[in-house]
Amino acid sequence: MEPAISFAFAAVLVELTPGPNMAWLALLAATEGRARGFAAVAGVALGLGLMGAAAALGLAALVQTQPQVYQALRWAGMLYLLWLALEAWRAASSEAGDKIGQNGWHYFWQGVVTNVLNPKAAVFYVTILPSFLPAAPSLSQVAGFSTIYVAVASLVHGAIVSAAGTAQGLLASPARVTLVRRIMAVSLVGVAVWMYWRG
């Protein structure tokens, strides 16, 4: 099997495992709609692309040799998820939750930051990506495989948003929206705790 195809398959498996993106995107699409969900998917793609560029420039090697860099990234990611959870809870408690979220750009930038601080993405670029590359890969090779990963992740995330967006019609009641937003907040806390437990 061609390395690129094998790598794409590995990327699919990684993206189907639980992580910061899956719960957030699903609940976001269910409560705020597909448009905002897809804005978040675009932000996630940019964040993963920036992580790929950082890997190409040597961040992967730095994280591998300096564990404290990974730990700093992990803690920053956990704190950011807790902040997102607080924001979701505040939206649930507000009579006009949309004032918290504003518009699609808000969720786009959340997607960017969430993935720049996503240790799951860092681990992927540090441990999985190098196994599909030669010992001394060129910049173009790293960029090419990173592009494959971003494309696969975007397809998976887009599918999650499309599926979850169908639930928005069931949330016409403000009470249901409040409940789902609170579930979203608790889920984000759960993901942050999971990230801490995984170490």
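# Reading the predicted model

Modeller: In this predicted model, Glu15 touches Met22, Lys120, Tyr149, Ala153, Val156 and His157, leaving aside residues up to four places away in sequence.

Biologist: What makes these residues contacts of Glu15, and where does Glu15 lie?

Modeller: A contact requires heavy atoms within 4.5 Å, and Met22, Lys120, Tyr149, Ala153, Val156 and His157 are the residues listed for Glu15 on that basis. Glu15 itself belongs to helix H1, which covers residues 3-15.

Biologist: Is Glu15 called buried or exposed, and why?

Modeller: The relative accessibility of Glu15 is 5%, and the cut-off for buried is under 20%, so Glu15 counts as buried.

Biologist: Where does Leu16 lie, and why is Leu16 described as buried or exposed?

Modeller: Leu16 is placed in the loop between H1 and H2, and its relative accessible area is 53%; because exposed means over 50%, Leu16 is called exposed. Leu16 nevertheless touches Met22 and Val156, again not counting residues up to four places away in sequence. The C-alpha atoms of Leu16 and His157 are separated by 9.4 Å, although these residues are 141 apart along the chain.

Biologist: How do you know that the side chains of Arg36 and Glu32 meet in a salt bridge?

Modeller: As a general matter, side chains of opposite charge can pair when their charged atoms come close. For Arg36 and Glu32 the N to O distance is 2.9 Å, and the criterion asks for a side-chain nitrogen of Lys or Arg within 4 Å of a carboxyl oxygen of Asp or Glu, so the pair qualifies as a salt bridge. A search of the whole structure finds 1 salt bridge, and both Arg36 and Glu32 are buried.

Biologist: How many aromatic pairs does the search of the whole structure find, and why is the pair of Phe7 and Phe145 described as it is?

Modeller: The search returns 8 aromatic pairs. Phe7 and Phe145 have ring centres 5.0 Å apart and planes at 70°; since pairing needs centres within 6.5 Å and edge-to-face needs planes over 60 degrees apart, the pair is called edge-to-face. Phe7 lies in helix H1 and Phe145 in helix H9, so this pair ties together parts that are 138 residues apart in sequence. With relative accessible areas of 0% for Phe7 and 13% for Phe145, each falls under the 20% cut-off and therefore counts as buried.

Biologist: What makes Trp105 and Phe108 an aromatic pair, and of which kind?

Modeller: The centres of Trp105 and Phe108 lie 5.4 Å apart, with 80° between the planes, so the limits of 6.5 Å for pairing and 60 degrees for edge-to-face are both satisfied. Trp105 and Phe108 both sit in helix H7, 3 residues apart, which is about one turn of the helix. Their burial is not alike: Trp105, at 57% relative accessible area, is exposed, whereas Phe108, at 15%, counts as buried.

Biologist: Which residues make the nonpolar surface patch, and why can Leu46 belong to a patch?

Modeller: Leu46, Leu50, Trp105 and Trp109 make a patch of about 450 Å². Helix H3 (34-56) and helix H7 (104-116) are the elements giving two or more residues to this patch, and Leu46 is found in helix H3. Leu46 has a relative accessible area of 35%, and patch residues must have over 30%, so Leu46 meets that requirement while being called partly exposed.

Biologist: How many residues does the largest nonpolar core have, and which have the most contacts inside it?

Modeller: The largest nonpolar core has 43 residues, and Trp24, Leu48, Tyr125 and Tyr149 have the most contacts within it. Among the elements that each supply at least two residues to this core are H1, H3 and helix H9 (139-165), and H9 provides the largest share, 10 residues. Tyr149 touches Phe7, Ala11, Val14, Glu15, Leu48, Phe124 and Tyr125, not counting residues up to four places away in sequence. Ring pairs also link Tyr149 into a cluster with Phe7, Phe124, Tyr125, Phe132 and Phe145.

Biologist: How many helices and strands does the chain have, and what percentage of its residues is buried?

Modeller: The chain has 10 helices and 0 strands, and buried residues make up 45% of its 199 residues. Of the contacts between residues at least 6 apart in sequence, 84% join residues at least 24 apart.

Note on methods. Residues numbered from 1 in each chain as written. Heavy atoms only, no water. Helix = DSSP H or I, 4+ residues; strand = E, 2+ residues; numbered from the N terminus. Buried < 20%, exposed > 50% of the residue type's maximum accessible area, 1.4 Å probe, protein only. Patch = residues over 30% accessible without salt bridge, like charges linked within 9 Å, V, L, I, M, F, W, Y side chains within 5 Å. Areas by Shrake-Rupley, 256 points an atom, 1.4 Å probe, with all protein chains shown as cover. Core = buried A, V, L, I, M, F, W, Y, C linked by side-chain atoms within 4.5 Å. Phe/Tyr/Trp six-rings, centres within 6.5 Å; stacked < 30°, edge-to-face > 60°.
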